[in-house]
Each structure stands twice: as structure tokens, then as C-alpha cells.
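Visitor: Hi, I've got this thing open on my screen and I don't know where to look. Can you show me around?

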Number of protein chains: 2
Amino acid sequence: MTDLQIATCVKPLHIKEIGSKLNIAEDDLEYYGKYKAKLPSHLIDESRIAQGSLILVTAISPTPAGEGKTTTTIGLVDAMNKIGKKTTAVLREPSLGPVFGMKGGAAGGGWSQVIPMEDINLHFTGDFHAIEKANNLLSALIDNNIQSKKRSLNIDPRKVLWKRAMDMNDRALRNIITGLGGNSGGILRETGFNITAASEVMAILCMSKSLDDLKARFGRIYLGDKFDGSPVFAHDLHAEGAMATLMKEAIKPNLVQTLENNPAILHGGPFANIAQGTNSILATKTGMSLSDFVVTEAGFGSDLGAEKFFNIKCREAGISPKAVVLVATIRALKYHGGKPLAELTQEDVATLEKGFANLERHIESLKSFGLPVVVSINAFTTDTEAELDSLLNHCKHLGVRAALSFGWAKGGEGCIDLAHLVAEAAEETLAEFNPTYELSDPILTKIEKVCRTIYGTRNVILTNPAKAQLNRFEELGFGNLPICIAKTQKSLSDDEKKIGRPENFDIKIREFEIAAGAGFIIPIAGDMLRMPGLPGTPSSENVDIDSEGNISGLF
Amino acid sequence: MTDLQIATCVKPLHIKEIGSKLNIAEDDLEYYGKYKAKLPSHLIDESRIAQGSLILVTAISPTPAGEGKTTTTIGLVDAMNKIGKKTTAVLREPSLGPVFGMKGGAAGGGWSQVIPMEDINLHFTGDFHAIEKANNLLSALIDNNIQSKKRSLNIDPRKVLWKRAMDMNDRALRNIITGLGGNSGGILRETGFNITAASEVMAILCMSKSLDDLKARFGRIYLGDKFDGSPVFAHDLHAEGAMATLMKEAIKPNLVQTLENNPAILHGGPFANIAQGTNSILATKTGMSLSDFVVTEAGFGSDLGAEKFFNIKCREAGISPKAVVLVATIRALKYHGGKPLAELTQEDVATLEKGFANLERHIESLKSFGLPVVVSINAFTTDTEAELDSLLNHCKHLGVRAALSFGWAKGGEGCIDLAHLVAEAAEETLAEFNPTYELSDPILTKIEKVCRTIYGTRNVILTNPAKAQLNRFEELGFGNLPICIAKTQKSLSDDEKKIGRPENFDIKIREFEIAAGAGFIIPIAGDMLRMPGLPGTPSSENVDIDSEGNISGLF
């Protein structure tokens, strides 16, 4: 059965029944059809948040074999509820663009999914559309100001950093020239589109603590420079009120359900390289206000997702997880050991054990935050007993809790062992997490601390342009912001070919960007693709809908 | 009070109460919050449609003074319900882009509005967003096919007609070059964006009679030519299934309410020059299935909106109105008489009477369809008794029913006289409307018939390129489609400076376009702007939202 077939063979409960499991009054639910609802901000309860247990699901370095972080998160939530712990999943919303590119959903898989999966993967409740409009209104205002003589801010068209956004895999929009057609068509300039998940508006949504905070952050967006070299902010265009108005509904987290009718809150979905890669602070806080446990996830491996989750999101939100689940698979560990992709289904304990180095490095990084780690081995039918035993023994040897999980094949029932370990780990935590750096550290020090503590880097090298940008950002007063390093997810280093556990490597920061509204500085260590393309045979070709509205070929 | 202040001081009923006025089972409503719902297609009842009374509201040639077609439509619906006629308003959805450009809403005005007006004017239920995505998926597939060597259709990048769409006033996107950045960025080509209301996807939505019909129409979209000169259709890219999937919810009409809690169905909003300028066939049929009277409107003056409403929409839908309401204002008629804009509030019966010529021409055009016409004089406080008497007497002299209406100032109470005249007119109609041309007429004959019967044109002149296109479209088998003439709305002629009732003029067709999916040929008689710009001081600067989510400055 495909994911879509599984997702549509389960009858969802009316969303008011999911709401009632969380003691939400029916009048507080804003329905979007029968199976989706938006949640108002007054549900947030700081006193309950302080008592709640937040669990972060992260992973080893991603491989083409797949790790199954979202599937594990959903399976774990269903299992936690089975063992009597009131638990909510809090996840990112998937992006529409990639749905028509490569095959593959983003709402879990198999028997661990959130539903209604076709809605969630298509327009959902319109949050991405609202983000796109807020982003593109700002773009239109920038070009309109450049065009307008009377109220000109003297923005230098060569120095506009802000790009338009579209949630579509459309490589032809990556780099474009706008403003052709003479006088009435505006001023010619080179620019481009990012996919919506890469918009700073998305990052801002997910960092905001209220509508006022959202608006203030929009005002602080750094868009580019004037001809005199001084910076221009969205506030200079009086853009923030209209942008926040466009986000009136999108700021509210979305309630859906797992296949086993447990609550799931989905909200926001920023990139995990140039942004923080995790759902909104408001969604996480809403989940923690409504249930005893919240299980959440952060993008890519722990070097990107978990590091940013702690140092950027948790620090800003004033929250701390009680435990971290690290997802690994036998296949991915064999890949990290050097096994070719085509041979990953063959038993090979020796190569597997070489791959343990990647897992170990992620465990060490996570331990630096001072929280208990539970390894979740996401089981595949091709895993052999010898391989699984070797991995379980290795975890025991490392003194780390570990369990097999079968969320994909069995749903919550397949994750009971994991759930018990997670509940046990969460109970023993008394401390808050230790951040990797202080906000008052110089920017370069922050980068060095993350690179050394989390990636295992030797030295951090800055190019000359990067040095100049660093000085400028410090001069402009951004020195106290956290950092959000953009590097490949495929390696702990900045070279995607270095799998496993790279040693003796340097990280080269080529340039800096700033998300002044979201509130972080982005050291760039590699080429970051912000607008994907479609493959030769786009998956859209298989997507169809019948006269009754039944969708096929989506996944 | 501003429109927004009026709209928000009225407490709307829960949408299920509006649904119950139409005998819609609660389970058939798909809520979008408490005050909006989507309506499923099975509510359409052809037998009730055949008995129902459809009323079209149209107007004289638009002027900067404003006519108030939507306000009249809503006031009339409230008045019809007051006099015991079960009536539903069926309207277009407003476009988001212009909201941030010039001040002015598009959901009625004063005490004749549909609510929740801020939602309706912002994202509403996401229909425009879905249209944009379907449009832009097709664009991405086109560029991806041009880029892809293996599965190439040999599309000539210089001959792609299909443009991207964005619901934003953004002049810099009108003409752009895409595909910069070398190999991985695609093939360089000149293209552009239309505002979403100008997308053929919008026109198709509004012409479709079912989900299957929608999908088939998407497949028939003519996108451009191959290097060998042969045409390429969306079906050649296997795009129609995914495009229709994106429209799964957007195909359903939206139920809201008037300020007086009467039902209003809003759905679609195509341009009225390059497209049919009226709401969807599905919305009109849904309204007619649920109530005895439906009042609807069509864009611009009767030369554009009403003509297309009859010859394109009603013919395709197999429906016919019982009466037509022609909206005029004293100010607009003085403008047509030659009074300068700044002096329109001064009494001037002589100039007013010169302006009657425009009204008369619209009445004549409408009478060609064989249906009764009711003139609605949308009252302004600056109108004098002498002016109003003159106009009422003139209508009497012409043998046309006429009434003053005060929808803006008084809501339904202000349109009671109009409602009685409309109900009376609707009862006396037995005939179906007479189309202006037969579908089997040669394309040029169709154009000549519309120009002569509706505009009062002398001759139709085709440029040489237009002649060549005409031949090609007939060769390609499109000769039996209806025509959708794109010309200025400001004049009955193709010259916007010719106000009043132009005489002895020719219409010059410069070129043709085809909306093969929507199903009409578009003779172009003038410059049609498909992507507006923002003014020097965009209204977005005044838009704000407070911490409680209250919006201000929107209108």
C-alpha cells in the first residue's frame, strides 16, 4: 500500500474530537473543513509549559537511504499515548513545491502519518500562501519605491538582497531580470525567487512569540542598501503592518491528527540550513500548554537541526527539552561506513560498525547540551539480527539508551519500547540545556564554538569578503544575535563527500547573510540551493483526481 | 464610518445559520472558520435551476465617479429578502493585489456589503492561491520540459504564450527574463507575470461545470508552439491531473453573508476584458439551486460584462436571466455629458441630459437580448431633485422601469422600490435571451455582430497579423468558440477618450489570443494591462493589525 492509500483508508475523527482530547473548547477551534482547525493564541499557558516535557527527535547525518525522523516522531507520539502519557506531535508543515518534483510525502510514512495527508501536502490551511504574499508584498514595495521619484529612499537596485518567493520547484525563477518593458515596467535589475520555505518571512513566523512580535520582526527585515551605503529595513517602507495583516490567520498553529487519532500540531517549515529548520515557537508552546508530553523534530541531522533547535529556538522561547531521540537506520549507518547505495540491503556488520562513528559523533554533540539521549533504530525488513545486535550492543557500550522502532510498519504499537525509554529519560532530567555559546560572545567565537563542539572542526576560516561583512554586521549592532550556520546536511563537515565522522577538517565561511527580522546571522559554508528544480519526469505527471475528488498518484 | 468599520460593527451569524436559510444540511458545509464555508457540488439541482429567477446587475460605461454595481447587487438582495423573495447574491471574489494599491474594497460598500470583509479581501478560502499554484505548476513544467533533453517536446522558448501568475500589484514582474545563472538555471527566455485574476486558470474555473470538465479544460490550454510550428497543449505535459488536484477545494463555491445576514455565494473573479468577468457557472448554479432568486453581476459596463455574461457564460451554462438591472449614477452621467471630474458634485441638468446618451446605448444593447431592463439610480447625497427628476422622467420616456436606490446609505431598506420593480420584471419574462451571434458564425462575423449590436460600431478592422492569427485559429479547429473582445471599459468604442455615446467609429482588432481551455477566442482591441502596479503611496502603508488581531486601514 502507498502512503496515500494507508492515509485514506483510516477514517479520521472530526477535529473537534481531537480538540476535546486536549480540553479545547469547541468555540476555540477555527475549522478548515472537518479535519483541520486553527488554534487561537490564548490557549498558550506559560505555567503548564514550565511543567511540560518536550522531546526532540533528531537524526544522524542524512543519507539517500533515509532515516525516518518524522515517521519516528509520529510513531513515538502514538506509542506514548498508548502507554498512558498524554502526548502531542508538533511538526513542520510540508512544502507544496517538492510534492510535484520527486516522489515522497512529508507527513510521515506507512502507519505513522498525520492526516488528512493530501490536504496537508497541498494547500493545507494556506499558511505558506500567506507567507508568500507577505514576502512578495515587500518585494513589490521595494521595486515600487525604486520606481517612484517622489518618495524615494534611494535604494540601490544593485544592492537589494530581498527576493521574491514561490512555493514551487521552478529553477527558471532562481535568477531572473525584472523590470523590462520601458518606463512603466520599473527599473531593470537582477534578482530571483526563493522557494517559500526559504523566505525570511517563514523564519520570522517560526521565531515569533506574538502578533506584535511578528510585526516588529517584519519591520526589522534588512532588505538592502541605499546608494550612500546605509542599510534599508522593511520598516522604512512602512511594510510591517500590511505584512502582519496578511499573516493574521497564518500565525495560528494548525491542529490535525495522527492515523491513531492522537493530536498533531503542524506549523511553519523553515529550511534547516539557512534558517532554524523547526516548527514555530507558538506551535511548540501551544502543544506544551495542552498536553503533558510534546514530541517535535528539527531538520536534517543533529549538527544542523538540533544545534539550531537549542541555541536559536529554545533560547529565544525560554524552553528546554527533557530528552533527545536520535534516529538511525542500519542502512544509513552502512552508508556512512562506506557501503555503496545499491548494496545497502546486503548484510555487512563490518561496514556497519565503521558507520557507528557518525552515530557516535552525533551522540557526543547532543551530550554537550547536557540532556539524555535515546537512540531509535528505525527498523527495515532488510536489517539482519546480527546487524541489529551489533548496533544495540554498541549503544549499550556507549551507555546510551537504544530501542528498535517499527513506526512505519506498525504505527504506535511498533514504538512502545522506544516510548518507555523516552518517558524514563524525560523523568530523570532536572537541568535546562547548556547552550553551545553565549549571545554575548563575538560572532566569530560563536561560530568556532559550534564548529568545534558540534561538528568536530579544527579551524574556522573566513574569506576576506566574509571578514568585511562580519565587521559590518557588528557595526550595525547585530553582534548579539545567535548564529545559524548554513552548510551541507550530508556531512558533519562542509564537504558533502566526507561521510561517517570526518576528522582534521576546517570549515570555510565564504560569506555572511543576516536574517535581522528572524534574529540570526547566517554564516554560509557552501552552496545553498533556495529554489529547487523539477526532475526530468516530474511526479506531477502521475497525479490525478477523479470526478468524486479522489486523488491518486500523489505519493 | 469606513466600510471596514461598518463591516466589523455588525455581528455576523454563524455560517451554519446562513446555510440553514438555504436548507443546506450542516454536514454539507465545509467550514473555513465560523463565517465562511465551501459548498459541495452535489447541492446543484438542475430542476430547481430551470424554475429559478436569475437577475443580472450591470452598469453604464464606468467612470472615475464610480457606479456601485456590487453595492447595488447586495442592497437589492437584502431588499428582495425584505419583500419576501428568497434571494441569494452570487458574486465574484475580490483580488488581493489591488487591496494594497489604491484605496477601495471589492465587497460592496457602506451598508451593502458582504462579510467578513477583511477575510474576503485578504486570503478568503484560498481560491486565488490555488489558481496561482495551478497556473505556476504549468509554467514550471514548461520550463522544465525546455530544459530537459530526454523528454523534450521541442517547445520553442521564443513562442511560449503561457505566463506565470501572482496576485500582487507588481509592475516589475510584467516583463522579465527567466533562466539566468547558467546550465542549472534553465534556458534564458523573455516572459512575465499576470495578476492571478488574468490567468486562464481563473477563466477556466469560472467556465467549468464539474471537476472532470475543469480537468479537461486544463488539458486543452494552448501554451505555445514547437520549433516546427505545431501547437503545444497542457495535455502534452500531462499537467491537467495535477492542476485539477490543486483545485480540489477551489472548485467549490464559498458561502458568506450580507450585512443583513442574507446568503451570498462568492466564487472566482476573472478579468472582464480578456476574460468573461463574472463568477463561476458552478456558483451561479449553486445559488439557483438553493433559492428562488439569484442576483449576480458582471464586470465593467454592459458592453463588456453583460455581453459576455450572455454570449459566453449563459450559453455554456444553459441558463438565462429573467431581468437585467442597469446601474447608473447622476455623477457618472454628468461625466459622460462632459462635466470635468472636479465639478461632478455641482448641479448641472443640461450636462446630465447630454450624458443620457451613454445610458440609452446600454439600454438598447441590453434590449437586443430580449429581456426586461430596470435602471437603478444609485443615489449620492450630492444628487439634486432636479437632476433625479430629469433622469426618472427620461427613463419613463424611454419606457424603462427605473428606481432610486440607497444601498450604500441604508442597505436593503434603501432598495425596496428597486426590488419591487425587479420582481415585477422577472415575472413577465417568458423567453430565453437572444444571443448576439451563433457559435457557427465565422469568427469575423461574430466580432462584427457584437461590435454593431452592442457597441454601435461602423466597421471592424483587422490588422494583417490579426488576419493571419484568425486563419490559424480556424485551421486549428477553434472556429466554433465564442468570442471575448478585450477593449477599454471606459468607452463603448476602443478609444477610452470617447465618453458618452460614440458614433461613426471603427473597432480595430490588433491581434488575437486564445483561451482554448476556457473556451473562447480573444480579439484584442487595445492595450490590456494584466499586471497592475502600485501607486506612489501604496495603501499598504496604512494597513495595520493590533495585538488582538484587529485590522485597520484596509479601506
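**A look around**

Guide: Let's start at A:H238, which counts as partly exposed at 38% relative accessibility. On this scale, buried is under 20% relative accessible area, exposed is over 50% and partly exposed is in between, using a 1.4 Å probe and protein chains only.

Visitor: Hang on, how should I read those labels and numbers?

Guide: Residues are numbered from 1 along each chain as its sequence is written, and chains are lettered from A and ligands numbered from 1 in the order in which they are written. This is a predicted model, so to speak: local features need pLDDT of at least 70, side-chain atom pairs count only at pLDDT 80 or more, totals for chains, interfaces and linings use all residues, and side-chain values use heavy atoms, with hydrogens and water left out.

Visitor: Okay, back to A:H238. Where does it lie?

Guide: In the loop between β13 (231-233) and α9 (240-246) of chain A. Helices (H or I, at least four residues) and strands (E, at least two) are DSSP runs, numbered from the N terminus. A:H238 isn't a glycine, and yet its phi is positive, about 50°.

Visitor: And what is usual for phi?

Guide: Most residues other than glycine have a negative phi, and most peptide bonds are trans. Over in chain B, B:N154 also isn't glycine, and its phi is near 60°. B:N154 sits in the loop between α6 and β7 (155-160) of chain B, and it's partly exposed at 47%.

Visitor: You mentioned trans bonds. Which residues does a cis peptide bond join?

Guide: In chain A, it's A:I115 and A:P116, with omega about 0°. A:P116 is in the loop between β6 (112-115) and α5 (117-121) of chain A. In chain B, a cis bond with omega about 0° joins B:I115 and B:P116.

Visitor: New topic. How many residues does each chain put into the contact between A and B?

Guide: Chain B gives 72 residues and chain A gives 72 residues, where contact means heavy atoms within 4.5 Å. About 6,300 Å² is buried between the two chains, with carbon and sulfur atoms giving 60% of that. Buried area is the accessible area (1.4 Å probe) that two parts lose on being put together, summed over both.

Visitor: How many salt bridges go across the interface?

Guide: The rule finds 11 between chain B and chain A. To count, a side-chain nitrogen of Lys or Arg must be within 4 Å of a carboxyl oxygen of Asp or Glu. One pair is A:R164 with B:D170, whose closest N and O atoms are 2.9 Å apart. The largest share of chain B's side, 11 residues, comes from α6(B).

Visitor: Is A:R164 buried or exposed?

Guide: Buried, because its relative accessibility is 1%. A:R164 is in strand β8 (residues 164-165) of chain A, and its side chain also makes a polar contact of 2.7 Å with that of A:D143. A polar contact is a pair of N or O atoms within 3.5 Å; within protein, one must be able to donate a hydrogen and the other to accept it, and residues adjacent in sequence count only if both atoms are side-chain atoms.

Visitor: How many salt bridges are found over all chains?

Guide: The search of the whole structure finds 72. Among them, A:E316 meets A:R217 at 2.8 Å, N to O. A:E316 is in helix α11 (residues 302-317) and A:R217 in helix α8 (residues 211-219), both of chain A, so the pair ties together parts that are 99 residues apart in sequence. A:R217 is buried at 4%, while A:E316 is partly exposed at 31%.

Visitor: Last one! Which residues does the "binding site" annotation cover?

Guide: The UniProt annotation, from an unreviewed entry, covers A:T63, A:P64, A:A65, A:G66, A:E67, A:G68, A:K69 and A:T70. UniProt positions are given in the numbering used here, feature names are shortened, and annotations may be inferred rather than shown by experiment. A:T63 is in the loop between β3 (53-59) and α4 (69-82) of chain A and is buried at 10%. Its side chain makes a polar contact with the side chain of A:E67 at 3.0 Å. A:G66 is in the loop between β3 and α4 as well, and it's partly exposed at 26%.
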